[in-house]
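Hello,

I am passing on to you the structure that we talked about, and below it you will find an account of what turned up in it. Please keep the structure open beside the text while you read.

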Amino acid sequence: MKMKRIFKTVLLASMILIFANTNISAYVLYPHGYHSPSMTFKNVNLNSLYSTALINAAASWMVGTPASVFLQQDSSSTNTIVAGNYGQSWYGYYQPYTLNSSGEATRFEIRINGDRIAEDLLNGVTIVNTPQSAFAHEFGHALHLDDLSSGSAIMNNNRNREYYFKPTKDDIDGVKAYW
Ligand SMILES: [Zn+2]
């Protein structure tokens with residue numbers, strides 16, 4: 001009876017540990033993010049919908065992350081945010097430039113693809129939060145997070161962009177792990 005109870009306790013403890021492990025970080029760190037958690041960015045040619053989405057996306061990364069994480073629009077910044085019609089495969093793109101000796105970018109450009117967003121709209125998909133979701137994801141790369149193929153994260157490439165348009169606990173844990 002006592003042995004059984006010990007066995008049950010050990011089994012339960014093991015199950016809790018396994019369960020806890022499955023909840024640990026799905027995030028993957030990315031080497032070519034920006035060289036600092038504090039960054040400015042220049043809005044080059046965004047329309048008003050994208051401009052608002054950009055500001056909201058930047059602000060969303062300053063909730064729950066370390067105080068050193070700071071993203072602010074600045075017309076004199078060398079980090080650029082550009083809208084274009086690039087084809088239909090991706091919503092947003094993070095391009096690092098001039099890597100330092102640690103492989104971190106000293107400048108970056110984020111592109112948003114109007115073609116891809118228009119394609120969703122043509123297919124009857126709601127796009128209210130999609131631009132913000134795209135910018136928040138690309139800022140995630142600037143903050144050293146890599147793409148994921150699943151999970152409750154802004155870094156999941158297969159996320160529902162209407163639902164996931166702000167960083168989640170997993171994303172924030174990843175930023176805390178790097179910075
Ligand atoms: Zn990505």
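**Starting from Val44**

Leaving aside residues up to four places away in sequence, Val44 touches Thr80, Ile81 and Val82. Please bear in mind throughout that this is a predicted model. Val44 lies in the loop between S1 and H2, and it counts as partly exposed because 14 other C-beta atoms lie within 10 Å, whereas a buried residue would need 20 or more. From Val44 to Ala83 there are 39 residues in sequence, yet the two are 7.9 Å apart in space, C-alpha to C-alpha.

The residues that Val44 touches lead us to strand S3, which has a covered face made of Ile81 and Ala83 and an uncovered one made of Thr80, Val82 and Gly84. This fits a general pattern, for in a regular strand the side chains alternate between the two faces of the sheet.

**The whole chain**

Stepping back, the protein has 5 helices and 5 strands, and from the N terminus on its elements run in the order α-β-α-β-β-β-β-α-α-α. Of its 179 residues, 33% count as buried. Among the contacts between residues at least 6 apart in sequence, 70% join residues that are at least 24 apart.

**The sheet**

How are the 5 strands ordered in the sheet? They form an open sheet in the order S2-S1-S3-S5-S4, and the pairing is mixed. Strand S2 (70-73) and strand S4 (92-99) stand at the edges with a single partner strand each, so that one side of each is left without a neighbour in the sheet. From one strand to the next, the twist averages 25 degrees.

In general, the strands of a sheet pair through backbone hydrogen bonds, either parallel or antiparallel, and the pairs here can be taken one at a time. S1 and S3 pair in the parallel sense over 2 bridges, and in S3 the bridge partner of Asn43 is Ile81. S3 and S5 also pair in the parallel sense, over 5 bridges, and here the partner of Ala83 in S5 is Ile112. S4 and S5, by contrast, pair in the antiparallel sense over 7 bridges, with Arg107 in S5 as the bridge partner of Tyr97. The hairpin of S4 and S5 has 5 residues between the strands, and in it Gly103 takes a positive phi near 85 degrees.

**Helix H2 and Tyr50**

Helix H2 packs on the sheet, where it touches S1, S2, S3 and S5, and its direction makes about 155 degrees with that of S2. Helix H3 (residues 114-122) packs on the sheet as well, touching S3 and S5, and its direction makes about 30 degrees with that of S5.

Tyr50 has its place in helix H2. Is Tyr50 buried or exposed? Tyr50 is buried, because 22 other C-beta atoms lie within 10 Å and the cut-off is 20 or more. Not counting residues up to four places away in sequence, Tyr50 touches Ala83, Ile112 and Pro131; two of these, Ala83 and Ile112, are the bridge partners described above. Tyr50 and Gly114 are 64 residues apart in sequence, but 9.7 Å apart in space from C-alpha to C-alpha.

**The nonpolar core and helix H4**

The largest nonpolar core has 37 residues, and those with the most contacts inside it are Leu54, Ala57, Phe135, Phe139, Ala142 and Leu143. The elements that give two or more residues to this core are strand S1 (38-43), helix H2 (48-60), strand S3 (80-84), strand S5 (105-113), helix H4 (130-142) and helix H5 (169-178). Phe139, one of the residues with the most contacts in the core, touches Ala57, Ala58, Trp61 and Leu71, again not counting residues up to four places away in sequence.

How many residues of H4 are buried? The count is 13 of 13, so this helix is largely enclosed by the rest of the structure. From its first C-alpha to its last, H4 reaches 19 Å, which is close to the 18 Å expected at 1.5 Å a residue. After H4 comes His144, whose phi is positive, near 80 degrees.

With best wishes

How values were computed: Residues are numbered from 1 along each chain as its sequence is written. A nonpolar core is a set of buried Ala, Val, Leu, Ile, Met, Phe, Trp, Tyr and Cys residues joined through C-beta atoms within 7 Å. A residue is buried if 20 or more other C-beta atoms lie within 10 Å of its own, exposed if 12 or fewer, and partly exposed in between; C-beta atoms are placed from the backbone. Helices (H or I, at least four residues) and strands (E, at least two) are DSSP runs, numbered from the N terminus. Two residues are in contact if their C-beta atoms, placed from the backbone, lie within 7 Å. Two strands pair if DSSP finds at least two bridges between them. Axes are lines fitted to C-alpha atoms, for helices over the stretch in contact, and angles run from 0 to 180 degrees between N-to-C directions. The expected span of a helix is 1.5 Å times one less than its number of residues.
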